[in-house]
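Got your viewer open and a cursor ready? Let's take a short walk through this structure, one selection at a time.

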Amino acid sequence: MNTESLIFDMDGTLWDSSRSVAESWNEVIENLPDCADIRLTANDIQSIMGLTMDVIADKFFGNTSKARRMEIMELCSSHENDYLLVHGGRLYDGVEETLAALHKDHRLFIVSNCQSGYIEGFLKYYSLDRFFTDHICWGDNKLSKGDNIKLIAGRNHISDGVYVGDTQGDCDSAYYAGMKFIHAAYGFGTADRSDGIIRSFTGLKELFCR
């Protein structure tokens, strides 16, 4: 498949941080009286991967006021970023070698629905920033993933791009932005259409490396 640029989702595509995220959030909420009965698991975190932070706040902390649950999310997100810088997550097999191979002939980007600082922490922990031209997330501007794909395409003059993600939301966002879509079927979700399917991250080399 020919393309000039590849844009990546994060969770369920590049790595699985669900266990570390759950551990970091639990360290915060166990000290909050209005969250005393909440204990999150990796499965809980996997169930909300790809959603924006305001939607996640409604799901986990909906028994509090809108202002309070967003405050809790801010506390959790801030601690999560610090926690991941120390503990990381589970990088999928072959990510570094595949990115290195793709980087030879493609520009690489990340667009995620995460909070600000999350992408930066991922790149720093694994020293992968050398492969990526640009990145953006929901936390930077509160825009949808589809609009952020459009934004990153516009500011980097991407004329022929592919979005790689694992969920239906990723699929819908890619086509909304006028991109092709590759479904990472090893991730957390499904997709009702795609321009290609990979069963492991290394499958991208077969699609895009000469």
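A disulfide, for our purposes, is a pair of cysteine sulfur atoms within 2.5 Å. Keep in mind as you click around that this is a predicted model. By that cut-off, the structure holds zero disulfides.

**Stop 1: the cysteines.** Select Cys35 and Cys76. The sulfur of Cys76 is the nearest cysteine sulfur to Cys35, yet the gap is 7.2 Å. Since a disulfide needs the two sulfurs within 2.5 Å, Cys35 is in no disulfide. Is Cys35 buried or exposed? With a relative accessible area of 1%, Cys35 is buried. Now jump to Cys209, which is partly exposed at 26% relative accessibility.

**Stop 2: a strand residue.** Next, pick Ile198, which sits in strand E8, residues 196-198. Ile198 counts as buried because its relative accessibility is 2%. Show what surrounds it: setting aside neighbours within four places in sequence, Ile198 touches Val164, a run of partners made up of Ile182, His183, Ala184, Ala185 and Tyr186, and then Gly203, Leu204 and Leu207. Try a distance label on one of these: the C-alpha atoms of Ile198 and His183 are 6.3 Å apart, with their positions 15 residues apart along the chain.

**Stop 3: salt bridges.** How many salt bridges does the whole structure have? A search turns up 14.

Start with Asp9 and Lys145, whose side chains meet at 3.0 Å, N to O. Asp9 is in the loop between strands E1 (5-8) and E2 (15-16), while Lys145 belongs to helix H8 (residues 145-155), so this pair ties together parts that are 136 residues apart in sequence. Asp9 counts as buried at 3% relative accessibility, and Lys145 is buried too, at 5%.

Move on to Lys205 and Glu97, where the closest N and O atoms are 3.1 Å apart. Lys205 lies in helix H10 (residues 203-208) and Glu97 in helix H5 (residues 95-103), so the bridge links parts 108 residues apart in sequence. Lys205 is partly exposed at 29%, and Glu97 is partly exposed at 48%.

For another pair, select Asp192 and Arg193, which form a salt bridge at 3.8 Å, N to O. Asp192 is exposed, with a relative accessible area of 58%, whereas Arg193 counts as partly exposed at 44%.

**Last stop: a network.** Select Asp9, Lys145 and Asp170 together: salt bridges that share partners join these residues into one network.

Key
Residues are numbered from 1 along each chain as its sequence is written. This is a predicted model: local features need pLDDT of at least 70, side-chain atom pairs count only at pLDDT 80 or more; totals for chains, interfaces and linings use all residues. Side-chain values use heavy atoms; hydrogens and water are left out. Helices (H or I, at least four residues) and strands (E, at least two) are DSSP runs, numbered from the N terminus. Buried means under 20% relative accessible area, exposed over 50%, partly exposed in between (1.4 Å probe, protein chains only). Contact means heavy atoms within 4.5 Å. A salt bridge is a side-chain nitrogen of Lys or Arg within 4 Å of a carboxyl oxygen of Asp or Glu.
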